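Reader: I am new to reading protein structures. May we go through one together, step by step?

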Amino acid sequence: MDMLLALLVAAGVNFVMGVPGADDIMLGYQSTSFHDALVMRDLFGRRPAPEFEAWLGRQGLMDAANRIRPSSMPGRFRALLPA
Amino acid sequence: MTTARIGLRRTGASLATGPMLDFQLARGRARDAVREPLDEGRLIAELAGLSDPVLTVSSAAEDRQRYLMRPDLGRRLAPGAEATLAPHKDGYDVVFVITAGLSARAVQAHARPVIACLLPALRADHWRVAPLVIVRYGRVAVGDAIATTLLAACVAVLIGERPGLSAPDSMGAYLTWQPRADTTDADRNCISNIRPEGIGYNDAAFKLAHMLRAMRARRLSGVQLKDGSDRLLLDR
């Protein structure tokens, strides 16, 4: 799956599935994970779609160096979780 | 809350070693579950108090490898099966069929408790229940021929579901009213994810009894029949 994903990204694919932990818990399928997408961005120097990138910045999920949430959870998310 | 793989630790952008090893272990368990054989002797012994006799037949698939490669063979009975079933041909309201499907451990663990919850409820309603039938290397549609041979009005197939990474032991129950040669999967109802961490034994038996009664009352199954048992629970 990693090899296939790397080949697709190298070939310029612009959409891949993201499921938590590569495990589609409802269907019992394996797919590509959110982590995988981040790794591919790192490896190939790709960036999110511009609108998505802007949204990630506004939410505090991506820093100026395009790293996803390098430190703690953004305050607005933490507020939603049980103490 | 959930066994979904959320909030997993990272190193850099990628997955940390711990959750990666957990994933590989879960995948190994899923693969094992697909290949694991059903311990028929043990299952028959455990079912003994619930059904007399417990019948055992085979599908047309000769071994597990062929069963996995040839879904069509798993849907048909072996040539000798009819002779095993024929002496019990007697007109029933329902026949329960148990087969490993893609997870023997699912039916090994969950078939007996669900049937044990369900049979008293059906018998209290004067349902005539056929002897339990265990099928070696069976798929869902193999139950059609069994119901036809035993003259059962409907068939409930308890079968191990394709293992996922979070559940290698999930059991499904497929219900079909008056199956015939041209029955398709659209004519069936399914209750999926039967296991203690999913739909528990009592809830599964409740849903099954509800669906079986609805099938009998409306004389149909499949897409025209909806599972209203959750509504029933809310109204109580």
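Author: Certainly. One definition is needed at the outset: two strands pair if DSSP finds at least two bridges between them. Please note also that this is a predicted model.

Reader: How many bridges join strand β4 of chain B to β6(B)?

Author: Strand β4 covers residues 95-99 of chain B, and β4 and β6(B) run parallel. One of the bridges can be located by its residues, since V95(B) has V155(B) in β6(B) as its bridge partner. The number of bridges joining the two strands is 5.

Reader: In which sense, parallel or antiparallel, do β6(B) and strand β7 of chain B pair?

Author: Strand β7 spans residues 171-177 of chain B, and 7 bridges connect β7 with β6(B). Among the residues involved, G160(B) has M171(B) as its bridge partner in β7(B). The sense of this pairing is antiparallel.

Reader: Are the residues on the two faces of β6(B) buried or exposed?

Author: In a regular strand, side chains alternate between the two faces of the sheet, so each face may be examined in turn. One side of β6(B) carries C154(B), A156(B), L158(B) and G160(B), while the other carries V155(B), V157(B) and I159(B). On both sides these residues are all buried.

Reader: Which helix gives the largest share of the largest nonpolar core?

Author: This core has 58 residues, and V94(B), V95(B) and L158(B) have the most contacts inside it. The largest share amounts to 8 residues, and the helix that provides it, residues 104-124 of chain B, is α6.

Technical notes
Residues are numbered from 1 along each chain as its sequence is written. Chains are lettered from A and ligands numbered from 1 in the order in which they are written. This is a predicted model: local features need pLDDT of at least 70, side-chain atom pairs count only at pLDDT 80 or more; totals for chains, interfaces and linings use all residues. A residue is buried if 20 or more other C-beta atoms lie within 10 Å of its own, exposed if 12 or fewer, and partly exposed in between; C-beta atoms are placed from the backbone. Helices (H or I, at least four residues) and strands (E, at least two) are DSSP runs, numbered from the N terminus. A nonpolar core is a set of buried Ala, Val, Leu, Ile, Met, Phe, Trp, Tyr and Cys residues joined through C-beta atoms within 7 Å.
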